Amino acid sequence: MFDAPAGAQMSFFPSEAEQIQSIAEAESVTHSAFSMFISQDDIDHILRAGGNADAARMKIAAEFSKQKPLEDCAAFLKALYYGGNGLITDNGRLSAWYGDDGIHIATGDTSRYLRSAQVIGWADAAERIEELLDGGAFATNLEVTEAPRYERLGIAVDVWNLYHDFSDEAKSLGYLSCLGNIHSTSFPEETERLTDDLLNPAFRDRLLSEYKVFMDAYRENRALLRFHYHKSQALLTRLEDLSLPRKEFRSDMEAIPETGRFITEDEIAASLANGSSFEGGKTRIYAFFQTSHTPKENADFLKKEYGIGGHTHAVSRESGSYEDHGSKGIVLKKNGCADIQMNWNKVASRISELVRLNRYLTPDEQAAYDKEMAQDAMRNAVYNDYNDVKAAHPDEIVLYQVGDFFELYGEDARAVADDLSLELTRRNLEGVGRVTMCGFPAKDLEKYVEKLREKHDVTISRIGDSGHEHTAYTLPSIDHEAEQAINAYEAEFGADGTRVFRDPAADAPQPTVRELFDGYKLTVGNALSKDTAFVNACRNSDRQNAYLEGADAIRRIVTASDDLQLVRLYFDMPAFHNRLHQELLEELYPTLAATVAPSPYQITQEDIDNALLDWLNNLKGKQEVALYMQAHGRERSTAAWLAAKYGWEDSKTPMYIRVGNAEPVTLT
């Protein structure tokens, strides 16, 4: 524990508890209209403070010189002013907080949540700043003189950085050729030269024209930039603004009226509400403070969570501000302000109060936290059931549904996270401790299962139709599924492909591989032509992607079939496998790639009868067919006789009946 050194700001303050109590009391009181009044001079001091942005007054002078509508100027100020400021004027201590609705101003050390605070709307602030600029009372003479150049320098720096992030493709295509004399080794000289070039209307017009061409291309091809942090659309607006007619401001002020400065209570609270410097630190702190602990336990937890370190832009994002934390506590620094020193007990007291007042988490963070807690509660409730499923399937990857997600735990999560591109995390489970896990949305189950089955057997435990009970089923890996099919085939037919127990049919002539191929090609082809994923790929993608989708579809069709002979031929005979893929894809892709939508018309028996009658379109031939059918009916020789009569070379080759754009009918 340590206190502020002699002469520092905090040494004259009441205790931490007394300060928090007084702030809470002040916020709860509705003051009179008179007590809410802040003098115009003090409001002007706060406006001139410029929020906490670097060179804020020059940025404001440049923006207001464009003579844009008041609402645009108000929006600019709202985006520029951030956090808070504490000023000491002739009237005492003033606190300002820059909110969505305007600038909250009050006497004392806090204003953000005070009901008595005076709120200056952003439109009113813009109107007053314009009056001050016109009267030469907002910025110094040097600032209003340098504002146009400062604006061009900011644009030059952003253009320089974007140009140097061009990919090789963008460079080869010659985008922003007007910047061809820029080299990567001389940033100061090149940005200064570019700043001067932006004064030239001809250069500005060329740069703007080329930048628009680049932006159009970049929207279509993000690979033109190596990194994507650039605010490219905002930069386009700033380039366009350079050609706007400008109002010229003047000022006789050599310096801004002096005021003292201090870090407000609102800024301290906002800095602490940023959490520790570690990922997830803010959530861990909030969760810890949801349960009761002694002051020492709170302080020890924070000391361990924060560790030793610090960072800049810590107070209201001011570039000169800093937060330092170590074994003794936290120190906040801001330009022109006394340091704020807090030991860990004081930090714990402040954070506890922020949590109590629901000010530690933002509304979005609170919603995310509540959702995560609900998920954790559900996870705790079902973890024992998950363990039962895992115990029953120890060698398989278990996917367990928790709400709208499927989750994997422990070794399963570690084994597949990289393959599925999922991020590992750790969760505290009641009675178990921290458990490694990962997960994905339930709507994406099929995609992830297909990926998992390339290497693993997968057991899926999902919520049933009742919405409560889980049902589990297992899908073997692709290799195991094929192996099971082959084993079943061998069990029935033997390893050499003959039946273990002979029957009279065994002496019948067996079809050749070619004959089997022709039959299976028709069966698989019919199924492939109806496969949604393959059809969509043919119609909406290129040949390569369609062939890849088609190969996957054929494998699925074969694997899902109940024909063990087909499975063995497909997986054991590369020639059969490769030829089936080649012929089906080469025949179906050109047809399905056409964008003509299939006809809703279904071929009827009448269509088939008419097609047969039209095929043999002479009276003598029809009489011969009728007489032969009366005499022989469906004898085995009838098929060969009809094939010859209809001009068909092989009676085993099927006949296709087509009517318009309808799905053809196959007749053997």
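This passage describes a pocket and a helix pair in a predicted model. Residues are numbered from 1 along each chain as its sequence is written. In this predicted model, local features need pLDDT of at least 70, side-chain atom pairs count only at pLDDT 80 or more, and totals for chains, interfaces and linings use all residues, while side-chain values use heavy atoms, with hydrogens and water left out.

The second largest pocket (on a 1 Å grid over the protein atoms alone, an open set of points with protein on both sides within 12 Å along at least five of seven lines) has a volume of about 1,200 Å³. Its lining comprises 34 residues, of which Lys 59, Leu 80, Asp 158, Lys 231 and Arg 238 lie nearest the centre of the pocket. Two or more lining residues come from each of helices H3 (56–64), H4 (70–80), H6 (141–163) and H10 (232–241), and H6 provides the largest share, eight residues.

Helix H21 (residues 543–560) and helix H23 (residues 574–593) pack at an angle of about 125°, with their axes 10 Å apart, and H21 is therefore oblique to H23, since angles under 35 degrees count as roughly parallel, over 145 as roughly antiparallel, 65 to 115 as roughly perpendicular and the rest as oblique. At the contact (heavy atoms within 4.5 Å), Arg 543, Ala 546, Tyr 547, Gly 550, Ala 551 and Ile 554 of H21 meet Leu 580, His 581, Leu 584, Leu 585, Glu 586 and Tyr 589 of H23.

Methods
1 Å grid on protein atoms, 1.4 Å probe; cavity = no way out; pocket = protein on both sides within 12 Å on 5 of 7 lines; lining within 4 Å. Points joined across faces, edges and corners; volume = space filled by probe spheres on them. Helix = DSSP H or I, 4+ residues; strand = E, 2+ residues; numbered from the N terminus. Axes fitted to C-alpha atoms, helices over the stretch in contact; angles between N-to-C directions.
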